[in-house]
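Student: I would like to work through this structure with you, one element at a time, reasoning from what can be seen to the value or name in question.

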Amino acid sequence: MYAVDSDTVFEKTPLSAASHFVNIHSMDDARDPNLLNMLSGKVPGMRVISGGSSLSSTGIILRGHNFLNGNNQPLFLIDGCPIINVLSEKENFDYGVIMSLVNPDEIESIEVLNGINAALIYGSDAVNGTVLIRTKRASRKEGLGISYGFNMMFENVREYPAYQDVYGRGNKFRLPGTPNLPVNTNPAYDQNYPYGIYGINMKSSPYPSWGMPYGWTDIVGVDGKVRPYNAAPETLEDLFRRGQTITNSVSVDKQLSKAAFRLSYTNICSSGVMKSTNEFKRHNLNLSTQVELAKFLELDVNARYMTENVDDREYRSISDRNPLSLARFINRDITLNEMFDDDDHKIPSEYFKSQYWLLDNQSNNDNKSWFSGNLAFNIKLPYNINFRLLGAVDSQRRKAWASSTSYNSSRKVTVERYSDDITSGYFDAFLSYQGRWKKWNLNIGVGGNAFRSMNEFSTIFDNDYFNVEQLDNESWRSSKRRDEQQSFYGMLNVNFDNWLYLDFATRREWNDEKLTYRDKQSFNYSVGGNLVLSNLLKINTSVLSFAALKGSYARMGYNLGVQNMIEFKSYTDSEYNLKHPHIYSWEAGLAVRFWDNRIRFDYTYYHKRSLGQLMWENGEIKNWGELRNKGSELVAEIVPVQNKWVTWTSSFIWAKNKSKLKSHGIPELKTLVEQFYGRVFLGFEAGKPYGTLSGSVYKRNEQGQILVDSQGIPLSEGNVYYGSVEPDWFGSWRNSLKIWHFDLDILFDFQKGGHLWSFSSREADRLGLSAASYKGRNEYMFSSVILGEDDNERRGYLSPSAVPAGLSAYYIDKDRPKGLHIENSVYHESAGEELAGRENTTWVSPEKYYWNTSAEVRDAQYFYDTSFIKLREINIGFNFPDKWLRKTPLKSVRIAAVGRNIATLFQNTPDGIDPQATITVSGLQGFEDNSMFPTSSWGFDIKFSF
């Protein structure tokens with residue numbers, strides 16, 4: 001059966017396919033300015049992929065990926081109207097998605113249709129699933145019908161990378177610029193400095209941190225001033241502040257005899273955790289009106305207008321324009337005083353690049369406006385026939401500019417500007433009939449719709465202007481794209497005696513698509529059934545409350561669809577010898593309830609095949625193989641305690657998706673999507689899961705032992721498959737406790753498996769900054785500098801000069817640690833006949849291993865398993881009893897203390913690197929590159945009504 005809401009017939013969800021409602025109340029208090037971030041851990045089978053901040057893009061993946069190339073995001077509908085939700089990642093910026101602007105205060109319900117079995121009625125744009133959002137209507141309230149809410153959240157960096165603050169700049173345990181220190185010290189002398197220490201001058205020292213230990217002398221800093229030679233962790237930490245987000249919202253609800261309206265306004269002011277970045281203001285205005293024009297005619301009007309202005313949006317990834325990129329890898333002994341001149345201006349240095357100078361001398365701004373509205377007529381005709389006409393418009397406008405200056409003496413300004421306008425119109429007509437005959441209930445619906453969108457994109461880049469306003473309109477480069485889609489659809493559901501439900505849906509659509517196919521688009525349909533065993537067998541016990549089996553099958557041969565065409569990178573007017581891609585999907589499930597619904601269990605198994613993948617190769621679009629996804633989704637809920645004073649509800653969500661790429665006769669289906677430094681690869685390969693991560697790994701023997709050369713350095717082999725970027729399984733656990741008028745809500749989410757490669761971790765090790773790079777330094781310094789041991793002695797043998805020619809002897813102190821040792825390793829045959837196959841006994845210089853060793857060897861260390869357990873949300877609230885408010889104008893009051901992203905309780909990635917970090921949301925995940933440090937948010941929420 002299709003669950004059709006009484007106010008909108010556009011929620012046509014079959015009961016034979018999986019759909020899930022989001023707990024809206026959990027989103028009221030613990031706020032995030034990005035609506036999509038708040039969906040994490042709330043829907044089985046839904047992966048929420050965040051770009052790293054509230055202003056970044058957030059991707060939603062349901063039941064794995066359907067496309068190797070193109071858009072894998074679900075379709076969003078607000079009050080039955082489709083919204084184009086394009087991911088906006090452009091070069092060094094991530095401009096977010098339009099759905100992140102939706103105000104959670106205005107949401108009545110969110111229903112997620114996990115696959116095409118439930119969402120086929122919505123067509124090609126719903127091939128990745130559908131998110132149905134229904135906004136609030138006017139409700140009858142006591143008093144004036146006015147509600148006010150105030151929310152304030154504070155955000156802090158909760159996890160910094162683990163640095164070593166023992167050794168400073170230089171190499172081979174020597175200070176830079178002093179090749180003889182600390183042995184045979186004879187630095188240059190200058191009587192103008194204390195102790196004549198001019199020779200220990202760090203001014204011209206862009207060295208990595210492989211030098212002497214801190215704390216033993218004074219030095220001359222980069223500003224020419226004498227200071228102690230110590231680590232200065234505050235230089236990094238001072239870059240951050242306590243970010244804050246303040247939300248004010250007010251709404252008015254009124255119901256009259258034949259009309260009702262709701263008007264609301266929300267304002268958000270926010271600042272990011274990095275100083276002088278992510279300063280934004282957002283305004284949301286919403287109107288909902290329902291009018292009974294006649295007994296048979298109702299008018300429904302909904303409108304939303306939203307604006308957002310952002311100053312100094314964060315740069316992302318590794319870039320000289322990104323302050324975090326500089327601060328993360330700057331020498332740890334550089335102090336805050338060296339970042340500023342005497343007038344407190346941030347100074348550029350010819351010896352290092354200052355993150356504070358970047359914050360002062362480059363800026364950017366972007367603003368969005370979004371209008372979305374719809375008007376619908378609901379007509380009640382005789383004989384239980386209903387007709388609905390709906391028209392909607394969606395207008396999204398974005399403008400942005402960014403300026404930056406170089407570090408050289410020219411100080412030339414580089415300016416980038418762009419604008420992006422998307423305007424769409426939507427019209428839908430739907431005729432439905434509801435009838436009953438004896439034990440049979442019949443619902444029939446047919447409809448058609450038309451959708452048209454226009455996307456205009458303009459950009460300019462110029463490095464000859466010093467003032468943004470000097471840019472003239474003639475310099476702009478623009479492109480336009482118009483997309484159209486028409487469709488016809490129908491649905492039928494039959495209910496026999498409330499124990500048998502049969503569903504059927506079909507849709508045919510025509511797109512204004514420039515790709516020409518050699519086959520005709522096929523007949524798209526879904527069929528399903530739901531067998532309610534508890535009604536069939538007339539089970540009516542206190543133990544078993546409900547039991548049902550469901551199953552469905554769907555087939556869709558799709559064009560790219562409007563939203564897919566906008567996202568598809570290879571969109572072209574050319575003709576290719578292509579077949580329509582197809583998706584075949586079936587699913588089956590079981591739902592049971594015990595003890596008056598105090599124990600709930602819902603399980604779904606699905607299997608889908610996406611054939612004829614469209615891929616871009618050598619200037620052509622081709623059909624490439626088949627992508628399979630199969631998996632399980634589970635929702636379990638128990639109410640252990642339920643009485644007048646206390647209710648405890650514990651719910652568990654779990655999902656597993658397993659993907660595999662099939663070649664279908666193509667000899668070698670393998671394609672590269674991204675690469676890092678030409679050595680770490682991310683792409684697709686036949687016979688492997690979606691998103692293969694490969695690169696250099698340690699070379700091992702048959703026993704799994706690492707093979708090393710005669711110097712104790714591991715050998716490597718390149719382009720070896722390491723694993724998939726997708727998790728093995730993931731889920732969440734929520735506990736809600738209500739005691740009297742208090743309530744407590746705690747959400748954990750977790751993930752098992754998945755992989756990423758971290759550039760941040762690799763670079764911190766290479767530069768000698770990380771805590772990992774500290775291991776073995778004390779031992780190697782004692783061995784090489786204090787005792788003067790050579791490489792042979794660190795291998796466990798006496799030096800050849802100490803024994804007769806042609807002989808060797810063990811070093812008496814061979815078991816003492818003398819540096820870094822590669823565990824579980826043996827010598828490779830290249831180490832020589834005497835060492836080959838023997839246990840590795842060599843102690844290696846940490847500097848040699850991390851700084852001088854071939855990058856291919858070191859890359860193997862930075863593949864990480866992305867399993868995690870996170871404490872995602874905590875809400876503690878109190879609702880004032882009615883009797884406390886009887887003598888006041890207030891009708892309700894609620895206060896709450898809230899927290900989001902509180903802690904990562906388990907992770908395999910190093911400190912400061914979130915297991916969910918990614919350099920992109922729109923493409924394949926799997927690379928981490930200078931991602932923002934993990935943050936947590938704490939705050940409070942107040943709501944009251946008059």
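The exchange below takes up sheets, a surface patch and a helix in turn, and it concerns a predicted model.

Student: In the open sheet of five strands, which are the edge strands?

Tutor: The five strands of this open sheet follow the order 3-10-11-6-7, with mixed pairing, and the twist from one strand to the next averages 25°. An edge strand here is one that pairs on one side only. The edge strands are therefore strand 3 (19-21) and strand 7 (81-83).

Student: Within that sheet, which residue of strand 7 is the bridge partner of Phe76?

Tutor: Strand 6 (residues 75-78) and strand 7 run antiparallel and are joined by three bridges. Looking across to strand 7 from Phe76, one finds that its bridge partner is Ile83.

Student: Which element gives the largest share of the nonpolar patch on the surface?

Tutor: The patch is formed by Val250, Phe261, Leu263, Tyr265, Leu285, Leu287, Tyr305, Phe371 and Val393, which together have about 700 Å² of accessible area. Two elements, strand 16 (259-271) and strand 17 (279-294), give two or more residues to the patch. The largest share, three residues, comes from strand 16.

Student: Is Leu285 buried, partly exposed or exposed, and what is its relative accessible area?

Tutor: Leu285 lies in strand 17 and is one of the residues that form the nonpolar patch. Since buried means under 20% and exposed means over 50%, Leu285 falls in between and is partly exposed, because its relative accessible area is 40%.

Student: How far apart are the C-alpha atoms of Leu500 and Val532?

Tutor: Leu500 lies in strand 24 (residues 500-511) and is partly exposed, with a relative accessible area of 24%. Leaving aside residues up to four places away in sequence, Leu500 touches Val494, Asn495, Asn530 and Leu531. Val532 is 32 residues from Leu500 along the chain, yet their C-alpha atoms are separated by 6.4 Å.

Student: Strand 44 has antiparallel links to strand 12 and to strand 42; how many bridges are in each?

Tutor: Strand 12 (residues 146-157) runs antiparallel to strand 44 (residues 935-945), and Ser147 stands opposite Ser945 in strand 44. Strand 42 (residues 892-907) also runs antiparallel to strand 44, with Arg900 opposite Ser937. The bridges to strand 12 number eleven, and those to strand 42 number nine.

Student: In the open sheet of three strands, why is one side of strand 40 and of strand 43 left without a neighbour, and at what angle does helix 7 run to strand 38?

Tutor: The order is 40-38-43, with mixed pairing; strand 40 (863-865) and strand 43 (927-928) stand at the edges with a single partner strand each, so one side of each has no neighbour in the sheet. Three bridges join strand 38 (residues 755-758) to strand 40 in an antiparallel arrangement, and one of the bridge pairs is Leu756 with Tyr864. Helix 7 (residues 759-766) lies across strand 38, strand 40 and strand 43, and its angle to strand 38 is about 35°.

Student: Which residues of helix 8 are buried?

Tutor: Helix 8 (residues 777-786) is followed by Gly788, whose phi is positive, near 70°. The cover over its buried residues includes helix 9 (791-795) and helix 10 (846-852). The buried residues of helix 8 are Arg777, Tyr780, Met781 and Ser783.

Conventions. Residues numbered from 1 in each chain as written. Predicted model: local features only at pLDDT ≥ 70, side-chain atom pairs only at ≥ 80, totals over all residues. Heavy atoms only, no water. Buried < 20%, exposed > 50% of the residue type's maximum accessible area, 1.4 Å probe, protein only. Helix = DSSP H or I, 4+ residues; strand = E, 2+ residues; numbered from the N terminus. Contact = heavy atoms within 4.5 Å. Pairing = 2+ DSSP bridges. Axes fitted to C-alpha atoms, helices over the stretch in contact; angles between N-to-C directions. Patch = residues over 30% accessible without salt bridge, like charges linked within 9 Å, V, L, I, M, F, W, Y side chains within 5 Å. Areas by Shrake-Rupley, 256 points an atom, 1.4 Å probe, with all protein chains shown as cover. Salt bridge = Lys/Arg side-chain N within 4 Å of Asp/Glu carboxyl O.
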